[in-house]
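Let's take a look at how charged pairs and nonpolar side chains are arranged in this model. Here it is, and then we'll start with one of the charged pairs.

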Amino acid sequence: NAFRAGEIDVLVGTQMIAKGLHFPNVTLVGVVYADSALHLPDFRAGERTFQLLTQVAGRAGRGDVMGEVFVQTFTPHHPSVQAARRLDYEMMFDQEVEFRRELSYPPFTHLVCITVRGPSEQLVELTCRDLLRRLRPKLAESVICSDPSPAPIARVKGKYRFQVILRAFRTGDMTNPLREVLKGFMWPKDVKHVVDVDALSLL
């Protein structure tokens, strides 16, 4: 409210300030370290970076005076950064679709993310490997299955997190065998799991 009223001239914040704020008197926006989301191990990283940059760029020049946007990036030639620079949705879409088609990611396949978490990193990893050892023989050859690996955010609230990612053209090819394995799987004490079908985020 103070910024809107002109009582302060500079507003500093996280990406939340890019969400839906309308300030006609803003003529300059700066994005510090735009690569922070770009290099996360998530197949939507490029899409999210483009979305954030175009959103925050839209905060400048909403009044009568033209706005400027400065972006700090270590990878200025990345397609998502270049597409955001030009506000070119079609350029971003074309390169993202090709990447996902090539590597069999959604929307060309369905994705299931299994996250296992617990207070002991070694136990969580061993549990994840044991689960996968039982699951793999039941999966069809068409299912793409990753090895267990630490989650992009490997530790949350003292709990270590490992993930297994499954991809297939049909959801049932993953969920049916997984349901069968989970039914009889013995989870160690304090080790929990989450199964996210058609996951929107791998973080």
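Arg-100 makes a salt bridge with Glu-47, their closest N and O atoms sitting 2.5 Å apart. A salt bridge here is a side-chain nitrogen of Lys or Arg within 4 Å of a carboxyl oxygen of Asp or Glu. This pair ties together distant parts of the chain: Arg-100 belongs to helix H3 (residues 89-103) and Glu-47 to helix H1 (residues 45-57), 53 residues apart. Helices (H or I, at least four residues) and strands (E, at least two) are DSSP runs, numbered from the N terminus. Glu-47, Glu-96 and Arg-100 are also linked in a network of salt bridges.

A word on the model: it is predicted, so local features need pLDDT of at least 70 and side-chain atom pairs count only at pLDDT 80 or more, while totals for chains, interfaces and linings use all residues. Residues are numbered from 1 along each chain as its sequence is written, and side-chain values use heavy atoms, with hydrogens and water left out.

By the salt-bridge rule, the count comes to 10. Three of them are listed here, with N to O distances.

| Pair | Closest N and O atoms |
|---|---|
| Arg-100 and Glu-47 | 2.5 Å |
| Asp-173 and Arg-170 | 3.0 Å |
| Lys-138 and Glu-180 | 3.2 Å |

Lys-138 and Glu-180 link distant parts of the chain too, with Lys-138 in the loop between H4 and strand S4 (144-145), Glu-180 in helix H5, and their positions 42 residues apart.

How accessible are these partners? Buried means under 20% relative accessible area, exposed over 50%, and partly exposed in between (1.4 Å probe, protein chains only). Arg-100 counts as buried at 8%, whereas Glu-47 is partly exposed at 32%. Asp-173 is buried at 18%, but its partner Arg-170 is exposed at 56%. Lys-138, at 40%, is partly exposed, and so is Glu-180, at 49%.

Now for the nonpolar side. A nonpolar core is a set of buried Ala, Val, Leu, Ile, Met, Phe, Trp, Tyr and Cys residues joined through side-chain atoms within 4.5 Å. The largest one has 19 residues, and Ile-114, Leu-135 and Leu-166 have the most contacts inside it. Strand S3 (110-118), helix H4 (121-135), strand S6 (159-168) and helix H5 (172-184) each give two or more residues, with H4 supplying the largest share, 5 residues. Apart from this core lies another, of 12 residues, including Phe-23, Val-31, Phe-50 and Val-56.
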